[in-house]
Amino acid sequence: MQDRDVIVVGAGFAGMYMLHSLRRLGLATTVIERGSGVGGTWFWNRYPGARCDVESMSYSYSFSEELQQEWVWPHRYATQPEILCYANHVADRFDLRRDIVFDTAVTAAEYDDLEKRWTINTGTGETFRARYLVMATGCLSVPKVPDLPGLGNFRGRVLHTADWPREGYDFTDQTVGIVGTGSSGIQSIPLIARDAKHLTVFQRTANYSIPAWNGPIPQKRESEIKLNYRALRQKSRGSYAGDYADEYYVSILELSPEEREEQFERRWQEGGFNYQYAFADAMVSEQANELAAEFVRNKIRAIVKDPQAAEILCPKDHPFGAKRLCVDTQYYETYNRDNVSLVDIKADPIIEITETGLRTGQAEHHFEVLVLATGFDAMTGALTRIDIRGRHGVLLRERWRDGPQAYLGVAVTEFPNMFVITGPGSPSVLANMILACEQHVEWIAQLIEHAEENALTAVEADPEAQEQWARQVTESAGKTLYVKANSWYLGANVPGKARVFMPYVDGFQVYSQTCDDIAKTGYPGFHLR
Ligand SMILES: Cc1cc2nc3c(=O)[nH]c(=O)nc-3n(C[C@H](O)[C@H](O)[C@H](O)COP(=O)(O)OP(=O)(O)OC[C@H]3O[C@@H](n4cnc5c(N)ncnc54)[C@H](O)[C@@H]3O)c2cc1C
């Protein structure tokens, strides 16, 4: 049994920075990581085309001025290998590895109310004890394998985008089927199509995707950003989405039809997420949203030559942006290739996976490789898979059966001295997540420092404060169009999961300010014992 001050679970961007911050407080900290390397998301998601869709100069750590000045991002949106290389560089630069235990999954954690200690069990049999437990387990770290009848019968190779073989996979001359057209599907489809003999895309839900227009970062732009990095990071911290792009320029409904077209076209040409965040009313007014949506649909109709395929690819069953927006490179263009076919499995559902492919109600499809781009048990999956027991043995999974509740998305009643990074009820997946991780890490480190300085043995969320926070998160989401889609934000992609909108929608800046105010005023909403 190893005794530590703090155990951090997960060595993605959140866990790495948490370790660095706790070391600075002089606390003996160990990070436990299931994978054999650092990087989290970027360690596991090695599918072709995997890359970030927030610009790299923004989607990177801001805590070290030297690091951000020295690091060179070759492309506007870095590839998975580039981001993993960066994560490894950070681990080496700050000498993090000596306190990370790799290839070790945390299976259980139990709080002893008398000792005020957590006992943490792992799959390797090693046990740890710690005064604090920080869950940096990630919002998108548990791959969701769909419940497709007959999946076990398939004789070819099955690959999940979120658990991709480390040695890669060569699709040359292979026939491939892919299920799933969310971000991972949309990123990988053009590259799989480029190599494969034939690719069949099985689409249940058409998603909105905006072009990335990716390419090298012009030297001038890089210099400008680096010259103003501090100010730009400040701007990101004061923004809705934790990014320095200009947002909330205009209200769609206040524009004339000509101005509207011009604005939509400009955002489309700029590419990326700001097509959504540039408009103040895009996520609150159905009318405004529909205008933004129809502009995208018309782009799809203009790109995809087969009108029938174009209509299948046009999202019509949910508001624009209510499911996570995708950012692509040549996604819609891919459907103009001769070696790509599209099957609408909403109209003609999959009956079963066969030995050589799959069968829908109307046809039999054959392929050698099946790619599952079917996403994650998002936001809570990694936490509910661990047997986390708080005071009196209560199980977190049970407490969250009807939906997760966490005060500020960070702390849970009955689970003292446990903190969750980018937990449900925080902006998390609606923000630039590296910045969201940094904000949480810094706030949690400050709270732990406060506890240490004041000889507190237990820090716990007050049940009423937690309840009120959860209510506020739900009410705010209810005023937006986010709740009008069957999205993973709501847990809708996992059968049996409670339907609760999990991210905080009021904006990263409002959220961070609230957290800061709470810290400044002696942590109302927490019991400090
Ligand atoms: C393909 C893809 C692209 C993305 N692109 C963007 C983007 O452009 N911008 C953006 O803001 N966000 C993006 N995200 C979200 C991304 O998850 C975050 O940006 C960020 O990497 C999260 O870091 P993290 O450390 O919180 O979690 P993760 O990176 O998920 O790390 C969590 C770690 O915890 C480990 N872990 C989990 N459970 C256990 C356990 N029981 N025991 C031991 N270890 C455990 C996991 O193995 C993992 O290494 C993307 C996600 C995906 C999947």
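# Loops, strand pairings and ligand site in a predicted model

Asp173 is exposed, because its relative accessible area is 57%. The coordinates discussed here belong to a predicted model. Asp173 sits in the loop that connects β7 (157–160) to β8 (175–179). The backbone of Asp173 has a phi near 65 degrees, a positive value in a residue other than glycine. Most residues other than glycine have a negative phi.

A second aspartate with a positive phi is Asp103, where the angle is near 55 degrees. Asp103 belongs to the loop between β3 (100–101) and β4 (106–112).

## Strand pairings

Strand β4, which follows the loop of Asp103, takes part in two of the pairings listed below. The other two pairings involve β14.

| Strand pair | Sense | Bridges | Bridge partners |
|---|---|---|---|
| β4 and β5 (residues 117–122) | antiparallel | six | Asp112 and Arg117 |
| β4 and β17 (residues 387–389) | parallel | three | Glu110 and Arg389 |
| β13 (residues 350–353) and β14 (residues 357–360) | antiparallel | three | Ile353 and Leu358 |
| β14 and β15 (residues 364–366) | antiparallel | three | Leu358 and His365 |

How many residues lie between β4 and β5 in their hairpin? The hairpin has four residues between the two strands, and Lys116 in the turn has a positive phi of about 55 degrees. Strand β4 therefore pairs with β5 in the antiparallel sense and with β17 in the parallel sense, given that a pairing calls for at least two bridges.

Strand β14 takes part in two hairpins. One of them is formed with β13, with three residues between the strands. The other joins β14 to β15, through three residues. Leu358 of β14 appears in both pairings: Leu358 is the bridge partner of Ile353, and Leu358 also stands opposite His365 in β15.

## Ligand site

The ligand is surrounded by 33 residues, and those that come nearest are Glu33, Thr41, Asp53, Tyr59 and Met433. By class, the shell contains 19 nonpolar, eleven polar and three charged residues.

Which helices each supply at least two residues of this shell? They are α1 (13–24), α2 (41–44) and α15 (433–453). Helix α2 provides the largest share, with three residues.

Polar contacts with oxygen atoms of the ligand involve both backbone and side-chain atoms of the protein. A polar backbone atom of Ala14 is 2.9 Å from a ligand oxygen. From the side chain of Glu33, a polar atom lies 2.7 Å from an oxygen of the ligand. In the side chain of Tyr59, an N or O atom is 2.5 Å from a ligand oxygen. The ligand taken alone exposes 980 Å², of which the protein buries 95%.

## Cysteines

How many disulfides does the structure hold? The count is zero. For Cys52, the closest cysteine sulfur is that of Cys85; the two sulfur atoms are 14 Å apart, which is too far for a bond. A disulfide would require the sulfur atoms to be within 2.5 Å. Cys52 counts as buried because its relative accessible area is 5%. Cys326 likewise takes part in no disulfide, and the nearest cysteine sulfur, in Cys314, is 14 Å away. With a relative accessibility of 1%, Cys326 is therefore buried as well.

Buried or exposed: which word applies to Cys326, and which to Asp173? Cys326 is buried at 1% relative accessibility, whereas Asp173 is exposed at 57%.

How values were computed
Residues are numbered from 1 along each chain as its sequence is written. This is a predicted model: local features need pLDDT of at least 70, side-chain atom pairs count only at pLDDT 80 or more; totals for chains, interfaces and linings use all residues. Side-chain values use heavy atoms; hydrogens and water are left out. A residue is near a molecule or strand if one of its heavy atoms lies within 4 Å of it. A polar contact is a pair of N or O atoms within 3.5 Å; within protein, one must be able to donate a hydrogen and the other to accept it, and residues adjacent in sequence count only if both atoms are side-chain atoms. Accessible areas come from the Shrake-Rupley method with a 1.4 Å probe; for residues, only the protein chains shown count as cover. Ala, Val, Leu, Ile, Met, Phe, Trp, Tyr, Cys and Pro count as nonpolar, Asp, Glu, Lys and Arg as charged, and the others, Gly among them, as polar. Buried means under 20% relative accessible area, exposed over 50%, partly exposed in between (1.4 Å probe, protein chains only).
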